[in-house]
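Thank you all for coming; I would like to walk you slowly through one structure today, stopping at a handful of places along the chain. Please have the sequence and the model open while I talk.

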Amino acid sequence: MFELLSYGDAGWGDEILAGLAITMQLAIVALPIGLLIGFVAAFASMSRHAGLRAIGFGYTTIMRGLPEILTLFVVYNGVGLLLNKLAVWWNAGGTNIEFSPFAAGVTALAMVFGAFAGEVLRGAFQSLDEGQMEAGRAIGMSPRKIFFRIRLPQVWRFALPGLGNLWINMLKDTALVSIIALDDLMRMTKVAVGVTKQPFTFYLLACLIYWALCVLSEVVLAHMERRANRGIRRV
């Protein structure tokens, strides 16, 4: 077993670590993009304009109702096709545009994360006490200061547990990109199993790695929650 997990031509340790690096890159790049989408969706859902509310609710409802694997297929195949159509329209003699599996994975993961995060953030914004915003306006604070000094810190505290759960779900959903030929942890595990015919060894190793990532995330999230709730009086 240890020989199978060693480095070099005799083992698969370096390939598994390379796949783990791709998995972490996917999740880390998709996280800020998904958060940005979540804030936009939340603001749209809370807008005074009916059209924006319809767009916000429509996006979150549709994206939360689609299987993640279907979203990945649509993004990987549809965006690539759209880019090539636009290239042909712009320049009839243009070269073929390749939409990379990594970009497709990041886009699909961020879109799904953003839809769920939008609902979490909307609930956090709506749980705020409007009296605090009125107090801020009463002492002459600008809307920008009210947002960053009053609303955002409290929204972050309310939304952090839900966003943490979404992060862990997205971390596990990165395994889906293996079906579009991206050499992430899950794909390299499948390749190792196909070559060595040792499914129990490598799938157990993949389980342990994903479990370790989730446990580490839980530790970091618990620290972030304690920091976000510092100074809060417990009843």
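N229 sits in the segment that follows helix α8, which covers 199-228, where helices are DSSP runs of H or I with at least four residues, numbered from the N terminus. This is a predicted model, in which local features need pLDDT of at least 70 and side-chain atom pairs count only at pLDDT 80 or more, while totals for chains, interfaces and linings use all residues. Residues are numbered from 1 along each chain as its sequence is written, and side-chain values use heavy atoms, with hydrogens and water left out.

Is N229 buried or exposed? With a relative accessibility of 18%, N229 counts as buried, given that buried means under 20% relative accessible area, exposed over 50%, and partly exposed in between, using a 1.4 Å probe and protein chains only. A polar atom of the N229 side chain lies 2.8 Å from the backbone oxygen of E225.

Let me turn to the surface. I62, L66, I69, L70, F73, V74 and I179 make a nonpolar patch of about 570 Å²; for such a patch, residues need over 30% relative accessible area and no salt bridge, and nonpolar side chains are joined within 5 Å. The salt bridge excluded here is a side-chain nitrogen of Lys or Arg within 4 Å of a carboxyl oxygen of Asp or Glu. Helix α3, residues 68-90, gives the most to this patch, with four residues, and V74 lies in that helix. I62, by contrast, is found in helix α2, residues 50-65, and is exposed, with a relative accessible area of 54%.

Next comes helix α6. Where in α6 does the kink lie? A kink of about 50° is found at L160, shortly before the proline P161, the bend being the angle between axes fitted to the seven residues ending at a residue and the seven starting there. Helix α6, residues 143-173, spans only 38 Å between its end C-alpha atoms, whereas a straight helix of 31 residues would span 45 Å, the expected span being 1.5 Å times one less than the number of residues.

Finally, the loops. Most residues other than glycine have a negative phi. A181, in the loop between α6 and α7, nevertheless has a phi near 70°, and is partly exposed at 47% relative accessible area. K197, in the loop between α7 and α8, also has a positive phi, of about 60°, and at 63% relative accessibility K197 counts as exposed.

Terms used
Helix = DSSP H or I, 4+ residues; strand = E, 2+ residues; numbered from the N terminus. Polar contact = N/O pair within 3.5 Å; in protein donor to acceptor, adjacent residues only side chain to side chain. Patch = residues over 30% accessible without salt bridge, like charges linked within 9 Å, V, L, I, M, F, W, Y side chains within 5 Å. Areas by Shrake-Rupley, 256 points an atom, 1.4 Å probe, with all protein chains shown as cover.
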